[in-house]
Amino acid sequence: MRFENQVVLVCGGASGIGAETARRLGKEGARVIIGDINLDGAAGIAADISGAGGQAIALHYDQSDEDSINQLVQQSVDNFGQLNGVFANAADLGVVHRDGDVLSNDIEIWNRTLQVNLTGIALIIKATLPHLLSLGGGSIVCTSSAASIVGEDQRPAYAASKAGVNALVRHVATRWGKQNIRCNAIAPGFVVTETIDKNFSPEALEKMLKYTRAARLGECRDIAAMATLLLSKEGEWTNGQVLHVNGGVHYSN
């Protein structure tokens, strides 16, 4: 029960990594707010947590809209009276399939990707940080990506947004670390989420496995384990880091 008497906001918690992290937080005693643009999905995860004996609520928000983000944070505090941690996991993956290269990308692809994936996370931090500081500190965990450092031939907007997240967590840790604010990022490897499981053939999954030193591909629980560690008191001496949880894949940067 590492999170007893703690309140944690999970942004992008309706499915995949966010949902698994929310469930784990609930099992470990946290009161969980699940924010997502998919309210029905978030409500389903909140019901799972409550059905298992935990406490959770679902709130709708749009990460491309500052007012919506501010409302999400205020509603979270209104419901539970405090905020001790934040998992900023949401990103717009719907635009990734159009994120070709720097020559072919329309400006709309850049604007949408950066607005949601980077500016949106900055606004989440801006809105939640005063509440964490008012309690003497807290932990913020953001979802990054290996794309931020590997230099792919596609997805430049996505890669730039995640590189920005890496810079952002270092800024927050440096600026407020002495005030007991921790801010870290997790860069997942290839994780088999519900969407990937539906859209990748067994042959494609086997090919991806060849790129890792591990005996299996990643699962949402692998990232949830790291996220909960960083959000907990046990992770209090880790700050300003980008942790690659990827089954042993090595990237030079």
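For residue classes, Ala, Val, Leu, Ile, Met, Phe, Trp, Tyr, Cys and Pro count as nonpolar, Asp, Glu, Lys and Arg as charged, and the others, Gly among them, as polar. This is a predicted model, in which local features need pLDDT of at least 70 and side-chain atom pairs count only at pLDDT 80 or more, while totals for chains, interfaces and linings use all residues. Residues are numbered from 1 along each chain as its sequence is written, and side-chain values use heavy atoms, with hydrogens and water left out.

**Stop 1: the second largest pocket**

Select G137, G138, R182, K233 and E236. Of the 20 residues that line the second largest pocket, these lie nearest its centre. A pocket here is an open set of points on a 1 Å grid over the protein atoms alone, where a 1.4 Å probe fits, with protein on both sides within 12 Å along at least five of seven lines; lining residues have an atom within 4 Å of a point. The volume is about 400 Å³, taken as the space filled by probe spheres set on the points, which are joined across faces, edges and corners.

Now colour the lining by class. Five of its residues are nonpolar, 11 polar and four charged. Then show β5 (138–143) and β6 (181–188), since each strand supplies at least two lining residues. Strands (E, at least two residues) and helices (H or I, at least four) are DSSP runs, numbered from the N terminus.

**Stop 2: α3 against α4**

Select residues 66–80 for α3 and 107–134 for α4. Their axes come within 10 Å and cross at roughly 30°. Each axis is a line fitted to C-alpha atoms over the stretch in contact, and angles run from 0 to 180 degrees between N-to-C directions. The crossing is right-handed: the near helix is turned clockwise from the far one by less than a right angle.

Show side chains next. From α3, take E66, I69, N70, V73 and V77; they meet G120, L123, I124, K126, A127, T128 and H131 of α4. Contact means heavy atoms within 4.5 Å. By class, this contact has six nonpolar, four polar and two charged residues.

Stay on α3 and pick S76. Is S76 buried or exposed? S76 is buried, because its relative accessibility is 0%. Buried means under 20% relative accessible area, exposed over 50%, and partly exposed in between (1.4 Å probe, protein chains only). Leaving aside residues up to four places away in sequence, S76 touches L9, I33, L59 and G81.

**Stop 3: the α5–α6 loop**

Go to the loop between α5 (147–150) and α6 (156–176) and select R155. R155 is not a glycine, yet its phi is positive, at about 60°. At 25% relative accessibility, R155 is partly exposed.

Add D153, in this loop between α5 and α6. D153 is exposed, at 69%. Which residues does D153 touch, beyond those up to four places away in sequence? They are G100 and D101. The C-alpha atoms of D153 and D101 are separated by 7.0 Å, with their positions 52 residues apart along the chain.

**Stop 4: R213**

Select R213, in the loop between α8 (202–209) and α9 (220–231). R213 is exposed, with 65% relative accessibility. Its contacts, not counting residues up to four places away in sequence, are G247, G248, V249 and H250. Draw a distance to A227: the two C-alpha atoms are separated by 22 Å, for residues 14 apart along the chain.

**Stop 5: N5**

Finish at N5, in the segment before β1 (7–11). Its phi is near 70°, a positive value in a residue other than glycine. N5 is exposed, with a relative accessible area of 56%.
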